Amino acid sequence: MGDLFLKQRENWWVWVAWGIVGLVASKLLMSVLNNVWWVMLAPIVILLMLTAWMNFNRRFDFIRALKIFILVGVISMLPLFEQRWHSWDQLIHMAVDSGTLLISLLTVCVLCALLAKRPKQYY
């Protein structure tokens, strides 16, 4: 039956810690590589690991998983945004690059949340 009427509270410090792990991985990968799209592999791998764990647990609905993935993804991608915002001379390029990063992050988060959501339960 599951937990029909049990309201689960989220422990956000755990997800912030996962975001910090992704931030450190992104920062280390950025010190080795210079390409932004290769550096995005660190947050994507963290999100895929969390997706597999959430799919195994089967207790996360779509909105809850999406909020968690967006939080972890944004914290993990802070070094990429910091690198883009470092040079203020070309403001248009900075805005386009940051928008592209946010759209790609949102796409990955939505796909991961779709994979991590629990299946419908019929009673």
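How are α3 and α4 oriented relative to each other? Let's start there, and thanks for coming, everyone. One caution before I go on: this is a predicted model.

So, the helix pair. Helix α3 covers residues 41-57 and helix α4 covers residues 62-76, and their axes come within 10 Å and cross at roughly 155 degrees. Angles over 145 degrees count as roughly antiparallel, and therefore α3 and α4 are roughly antiparallel to each other. For those of you who like handedness, α3 passes α4 in a right-handed crossing.

Which residues of α3 and α4 meet? On the α3 side we have Pro 43, Ile 46, Leu 47, Leu 50, Thr 51 and Met 54, and they meet Ala 65, Ile 68, Phe 69, Val 72, Gly 73 and Ser 76 of α4. By character, the residues of this contact divide into nine nonpolar and three polar, with no charged ones.

Now please look at the loop between α3 and α4, where you will find Arg 58. Is Arg 58 buried or exposed? The answer is in between: its relative accessible area is 45%, so Arg 58 is partly exposed. The side chain of Arg 58 makes a polar contact with the side chain of Asn 55, at 3.5 Å. Leaving aside residues up to four places away in sequence, Arg 58 touches Arg 118 and Pro 119. Along the chain, Arg 58 and Ala 116 are 58 residues apart, yet their C-alpha atoms are separated by 7.4 Å.

My last stop is Ser 104, in helix α6, which runs over residues 91-116. With a relative accessibility of 18%, Ser 104 counts as buried, because the cut-off for that is under 20%. What does the side chain of Ser 104 reach? That would be the backbone oxygen of Leu 101, at 2.8 Å. Again setting aside residues up to four places away in sequence, Ser 104 touches Trp 37 and Met 40.

Let's follow that contact over to Trp 37, which lies in helix α2, residues 36-39. Trp 37 is partly exposed, at 49% relative accessible area, whereas Ser 104 is buried. With the same sequence neighbours left out, Trp 37 touches Thr 100 as well as Ser 104. Trp 37 also has a C-alpha to C-alpha distance of 9.7 Å to Leu 80, and these two residues are 43 residues apart in sequence.

That's my tour, and I'm happy to turn the model around on screen if anyone would like another look.

Methods. Residues are numbered from 1 along each chain as its sequence is written. This is a predicted model: local features need pLDDT of at least 70, side-chain atom pairs count only at pLDDT 80 or more; totals for chains, interfaces and linings use all residues. Side-chain values use heavy atoms; hydrogens and water are left out. Axes are lines fitted to C-alpha atoms, for helices over the stretch in contact, and angles run from 0 to 180 degrees between N-to-C directions. Helices (H or I, at least four residues) and strands (E, at least two) are DSSP runs, numbered from the N terminus. Angles under 35 degrees count as roughly parallel, over 145 as roughly antiparallel, 65 to 115 as roughly perpendicular and the rest as oblique. A crossing is left-handed if the near helix is turned anticlockwise from the far one by less than a right angle, and right-handed if clockwise. Contact means heavy atoms within 4.5 Å. Ala, Val, Leu, Ile, Met, Phe, Trp, Tyr, Cys and Pro count as nonpolar, Asp, Glu, Lys and Arg as charged, and the others, Gly among them, as polar. Buried means under 20% relative accessible area, exposed over 50%, partly exposed in between (1.4 Å probe, protein chains only). A polar contact is a pair of N or O atoms within 3.5 Å; within protein, one must be able to donate a hydrogen and the other to accept it, and residues adjacent in sequence count only if both atoms are side-chain atoms.
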